Amino acid sequence: MPSSSLTRRLHLSLRRQLRHARRLSRKSVQLGLVLGGAALVALASLAFARLADIALEWNALWVARAGWAAFIVMPLGLAAIRWLTLRYANYAAGSGIPQVIGALTLQGRPVAQGGLVTLAHALWKIPLTFAGMLVGASIGREGPSVQVGAAVMLAWGRFWKNRQLPLQGFHNNELIAAGAAGGLAAAFNAPLAGVIFAIEELGRGTALRWQRLVLIGVLACGFMVVAVSGNNPYFGTFAGSVLPSMLGWVLLCGVINGALGGLFARLLGKGVTVLAPLPWRAWMRAHPVLTAAAIGLVLAAIGYATHGAIYGTGYGAAAALLSGQPFGHEGFGLLKWLATLLSYWAGIPGGIFTPALTTGAGIGQEIWSWTGGLVDQRVLVLVSMAAFLAAATQAPLTAAVVVMEMTGSQPMLFWLIAAALVASVVSRQFSPHAFYHMAAGRFRRQILVDTGRARQSAGT
């Protein structure tokens, strides 16, 4: 009897150990798959970043040699990119963040959800954004990196789920959110900003389960880029210090950038016809390619007048202003504001994150000029960058943390958050609804209409 009881206890213990080992094995495989997806997102972001750098370098070369050529290159280039977008990748237009937010609201509709973040759109998004930066549009790659990251992670998850491996416990929403936020973290070399973005922006109004593995995937994307490219802040390390009466400067920058950013978001949401005479509006909607060409002419005129300063992301201008160097284009912030607005209205793929930061830097320089140079330009530029981005996106925590990580300005984080919160409140007086979410609603409605038509066609 004792022998039989001992055997039974050993058998039960062995079964418990086997179950525990299986659970550990399953979790290890699941973690490995999430990290594998994060690695793919990081690699895609690094490749995209390199292409964007090449596009900006080539744009600077041809502008320096023949700036007048913009009057030919920009109208033809924007028209061609708009035509390709409409013909082959309609859901790749614009930033990419609204498409991701729209997809997150379509849980339970896998066909429509996948239609907004497909690998096909990602494959078009990258070269079309490259082309837009090459011709001189005032766009960035960070928003597109979000859509590309979401598409890569969703495709990766579906691949393994179809093979009955442990990622089958993840809903599509978690895969999309992890890839999107990871794409942002990798694009900005800012892991913490990716997590804040996921919670504040992607989680707004959507049902997301913030599993531990999702947040690990987001952080992994950012840290993998740090491991490859080094822990180098995007705009260099900020060397300014707190000003006397800092609260007053924060309020001033927050109010001015909040008003301009709120107006910017409202006009972005209204679309290209908002300022056009009524008789023109129907024609502009019916002829988007020609409208893009007309916008290209206006952008060429602004670019020619500023010797190309408003083209591309404006990274060089923002970095110079943050280091305290003079930037010799009067009204640069407002011109960059206008150029970014026009570039988005052209309907081409391209983000607004970095152009918005550059716009804020230009506005900060303008505020500094009112002081007669009595205070540190770098501080007003830094605070205005966070304030304008917060006003444009109405995501103040994301804006503050992004700017902090991109400039290595951790001691200024409190003031960045304060300025971002003030700007966000002021922005809502001009644009009550966040721009990304307004645009997401349009993409959501369009994909539902398109999938409905596809089902009807298949049925007939």
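Trainee: Is H307 buried or exposed?
Mentor: H307 is exposed, because its relative accessibility is 68% and the cut-off for exposed is over 50%. Keep in mind that this is a predicted model.

Trainee: Where is H307 found?
Mentor: In the loop between α12 (288-305) and α13 (315-322).

Trainee: What about the phi of H307?
Mentor: Phi of H307 is positive, near 55°, and H307 is not a glycine. Most residues other than glycine have a negative phi.

Trainee: Which other residue should I look at for that?
Mentor: Try Q394. Its phi is also a positive value near 55°, and Q394 is not glycine either. Q394 sits in the loop between α16 and α17 (396-407).

Trainee: Is Q394 buried or exposed?
Mentor: Buried, with a relative accessible area of 3%. There is also N189, which follows α7 and has a positive phi near 55°.

Trainee: Let's zoom out. How many helices and strands does the protein have?
Mentor: There are 19 helices and zero strands.

Trainee: And how much of the protein is buried?
Mentor: Of its 460 residues, 57% count as buried. The accessible surface comes to about 19,300 Å². Carbon and sulfur atoms hold 66% of that surface.

Trainee: What share of contacts joins residues at least 24 apart?
Mentor: It is 81%, counted among contacts between residues at least 6 apart in sequence.

Trainee: How many residues are in the largest nonpolar core?
Mentor: The largest nonpolar core has 136 residues. L78, V100, L202 and F235 have the most contacts inside it.

Trainee: Which helix gives the largest share of this core?
Mentor: Helix α16 (residues 377-393), with 13 residues. The core also draws at least three residues from each of domain 1 (30-45 + 63-229) and domain 2 (246-444).

Trainee: Pick a residue in α16 for me.
Mentor: Take A392, which lies in helix α16. A392 is buried, with a relative accessible area of 1%.

Trainee: What is A392 in contact with?
Mentor: Leaving aside neighbours within four places in sequence, A392 is in contact with G261, F264, A265 and F435. Look at A423 as well. A392 and A423 are 31 residues apart in sequence, and their C-alpha atoms are 9.0 Å apart in space.

Trainee: Now aromatics. How many aromatic pairs are there?
Mentor: The count comes to 13 aromatic pairs. One of them is Y91 with F443. Their ring centres are 6.3 Å apart and their planes are at 55°, so the pair is tilted.

Trainee: Why does that pair tie together parts far along the sequence?
Mentor: Because Y91 lies in the loop between α2 (70-88) and α3 (97-104), while F443 lies in helix α19 (residues 435-459). Those parts are 352 residues apart in sequence.

Trainee: Are Y91 and F443 buried or exposed?
Mentor: Y91 counts as buried at 7% relative accessibility. F443 counts as buried at 15%.

Trainee: Got another pair?
Mentor: F353 and Y436. Their ring centres are 6.5 Å apart and their planes are at 15°, so the pair is stacked. F353 is in helix α15 (residues 353-370) and Y436 is in helix α19, 83 residues apart. Both F353 and Y436 are buried.

Trainee: Which aromatic cluster holds F353 and Y436?
Mentor: The one formed by Y344, F353, F435 and Y436.

Trainee: Back to helices. What span should α6 have?
Mentor: Helix α6 (residues 142-161) has 20 residues, so at 1.5 Å a residue it should span 28 Å. Its end C-alpha atoms are 28 Å apart, which agrees. α6 is mostly covered, with 16 of its 20 residues buried.

Trainee: And how many residues of α7 are buried?
Mentor: 17 of its 17 residues. Helix α7 (residues 172-188) reaches 24 Å from its first C-alpha to its last, close to the 24 Å expected.

Trainee: How far does α2 reach?
Mentor: α2 has 19 residues and reaches 26 Å from first C-alpha to last, close to the 27 Å expected. Its buried residues include L78, A79 and I81.

Trainee: Last one. Where is T129 found?
Mentor: In helix α5 (residues 119-135). T129 is buried, with a relative accessible area of 0%. Beyond neighbours within four places in sequence, T129 is in contact with F48, I139, G140, P144, P349 and G350.

Terms used. Residues numbered from 1 in each chain as written. Predicted model: local features only at pLDDT ≥ 70, side-chain atom pairs only at ≥ 80, totals over all residues. Heavy atoms only, no water. Phe/Tyr/Trp six-rings, centres within 6.5 Å; stacked < 30°, edge-to-face > 60°. Helix = DSSP H or I, 4+ residues; strand = E, 2+ residues; numbered from the N terminus. Buried < 20%, exposed > 50% of the residue type's maximum accessible area, 1.4 Å probe, protein only. Contact = heavy atoms within 4.5 Å. Areas by Shrake-Rupley, 256 points an atom, 1.4 Å probe, with all protein chains shown as cover. Core = buried A, V, L, I, M, F, W, Y, C linked by side-chain atoms within 4.5 Å. Domains from an automatic or database assignment. Expected span 1.5 Å × (residues − 1).
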